[in-house]
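New to this one? Here's a walk through the fold, from the overall picture down to a single pair of residues.

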Amino acid sequence: MAKISYLFTDRHGGLSSPPYDSFNLAYHVGDDERSVQRNRDILKRKTALLSIVWMDQIHSNRVHVVDTPLGGDTTIDRCDAIVTDLTQTGLAVMVADCIPLLLYDTKRQVIAAAHAGRNGTFLQIAPKTVRTMQRRFGCDPEEIHAVIGPSIGPCCYEIGEDLAAIVEKSFGKQYMNDRYLDIQRLNVDMLTGIGVKAENIDVSPICSACSSDHYSYRREGTTGRFAGLIWME
Ligand SMILES: [Zn+2]
């Protein structure tokens, strides 16, 4: 059995200049490309991974299965979740307030990374990714572990009145506190709703918008992206 590992980066330890200082992992935010490449190389050295799969994230619920080994760094076009049973293949999700969601099944040896922002969450990306693990690899949701990484918390995630009303109507009043959305709770409930055990779901206490150690789109606008990364050794 291969050991499954994961981590969440923060904004420290890289080479990018302000406002991307310093460990920005995203090319699409206006940072110097060489800095991003060097930061990604640092991440690979740190994890001893030769291959990391990134996503061209589009706030959708599209799930992509990586079923053949990809050499070096690869970016999967237009998707927001990636699933694999390959070892030595890192799966990365980039965020600055959205939820970096990592999933793994140690028994079936399957891992996944998903980008659960507001749209993706509303489009059920978390349960959709679990279902892909089930259908393609025979995972049992009761065996799946989920990790919700640093992301904007209910302390900071204020949304418009109209949208708040839609959330209350579509998902329930318990996800709104006045105009503040609890997107972590919504994802947890969607996961338990399809059979993931509550005790197998880990939620980071870090709010990206409160934490100066993390990038926050809401707080900073032009900024970098940190990442959730999961892999099998
Ligand atoms: Zn906060």
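The protein has 13 strands along with six helices; both are DSSP runs numbered from the N terminus, with helices being H or I over at least four residues and strands E over at least two. Keep in mind that this is a predicted model: local features need pLDDT of at least 70 and side-chain atom pairs count only at pLDDT 80 or more, while totals for chains, interfaces and linings use all residues. Residues are numbered from 1 along each chain as its sequence is written.

How is the whole thing packed? The C-alpha atoms fit a box of roughly 45 × 45 × 30 Å along the principal axes. The radius of gyration is 17 Å, which agrees with the value near 17 Å for a compact globule of 233 residues; it is taken over C-alpha atoms, and the globule rule is 2.2 Å times the number of residues to the power 0.38. Of the 233 residues, 43% count as buried, meaning that 20 or more other C-beta atoms, placed from the backbone, lie within 10 Å of the residue's own.

Now for a sheet. Five strands make an open one with mixed pairing, in the order β1-β13-β6-β2-β4; strands pair if DSSP finds at least two bridges between them. At the edges sit β1 (4-8) and β4 (74-76), each pairing on one side only. Zoom in on β6 (residues 90-95) and β13 (residues 226-232): they run antiparallel, joined by five bridges. Here V93 stands opposite G228 in β13.

Technical notes
Buried ≥ 20, exposed ≤ 12 C-beta atoms within 10 Å, placed from the backbone.
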